[in-house]
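User: Could you take me through this model and show me how its labels are earned? I'd like to see each value set against its cut-off.

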Amino acid sequence: MPTFLIINGPNLNMLGRREPSVYGYETLGDVEQRLVKQAEGLQDCRLRFFQSNHEGEIIDRIHEAFQTLDGIIINPGAFTHYSYAIRDAIAAVNMPVIEVHISNVHKREEFRHHSVISPVVIGQIVGLGTKGYELALTALYDHVTGGDHT
Ligand code: DQA
């Protein structure tokens, strides 16, 4: 029974109200609801959700996933660009992780062009809006189960 953790980092609790021209009008609750619906159509797929504005809390949740969950989808927010600690936590648990960014970080400020997280994830989805989370769920589920839901 694959169980995945969806982690959203700092400021993503403000989704829908925060810079809507960049991130859209959907709230994090809307995104999570869509993922729950999607998971209902994937056999035995369970989801857990976590959002935090605090680096240490995100690291604690990644550690808790060690040997208990089957994969992680993470949008680390601005931590993407400089948190070696989150990167090391992902490397430590050695489980499949997909990195999601709602906006196309490569079109934006220079500091957003580099991710310190991407070397320790199986893949990255960037710039496709909140649909990126759904694409990530399909990809992670297929990665873990060996299926093909594309
Ligand atoms: C983001 C991109 C980051 O640069 C930014 O700090 C975020 C959101 C995205 O989803 O596009 O908070 O991760």
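Analyst: Happy to; what follows takes a helix, a core and a ligand site in turn, all in a predicted model.

User: How do you know that helix H5 has the span expected of its residues?

Analyst: Helix H5 covers residues 131-145, which is 15 residues, and its first and last C-alpha atoms are 21 Å apart. The expected span is 1.5 Å times one less than the number of residues, and for H5 that gives 21 Å, so the two values are close. Just after H5, Gly146 has a positive phi of about 75°.

User: What covers the buried residues of H5?

Analyst: The cover includes strands E1, E2, E3, E4 and E5 together with helix H2. Among the buried residues of H5 are Tyr133, Leu137 and Tyr141; buried here means under 20% relative accessible area.

User: Which residues touch the most other members of the largest nonpolar core?

Analyst: Cys45, Leu47, Ile73, Tyr133 and Leu137 do, in a core of 22 residues. H5 gives the largest share, five residues. Cys45 touches Leu137 and Tyr141, among others.

User: What makes the ligand's pairings with Asn75, Ala78 and Ser103 polar contacts?

Analyst: A polar contact needs a pair of N or O atoms within 3.5 Å. An oxygen atom of the ligand is 2.8 Å from a side-chain N or O atom of Asn75, 3.1 Å separates a ligand oxygen from a backbone N or O atom of Ala78, and a polar side-chain atom of Ser103 is 2.6 Å from a ligand oxygen. Each pair therefore qualifies. The protein also covers 99% of the ligand's 330 Å² of accessible area.

How values were computed
Residues are numbered from 1 along each chain as its sequence is written. This is a predicted model: local features need pLDDT of at least 70, side-chain atom pairs count only at pLDDT 80 or more; totals for chains, interfaces and linings use all residues. Side-chain values use heavy atoms; hydrogens and water are left out. Helices (H or I, at least four residues) and strands (E, at least two) are DSSP runs, numbered from the N terminus. Buried means under 20% relative accessible area, exposed over 50%, partly exposed in between (1.4 Å probe, protein chains only). Contact means heavy atoms within 4.5 Å. A nonpolar core is a set of buried Ala, Val, Leu, Ile, Met, Phe, Trp, Tyr and Cys residues joined through side-chain atoms within 4.5 Å. A polar contact is a pair of N or O atoms within 3.5 Å; within protein, one must be able to donate a hydrogen and the other to accept it, and residues adjacent in sequence count only if both atoms are side-chain atoms. Accessible areas come from the Shrake-Rupley method with a 1.4 Å probe; for residues, only the protein chains shown count as cover. Lists of a residue's contacts leave out its neighbours within four places in sequence.
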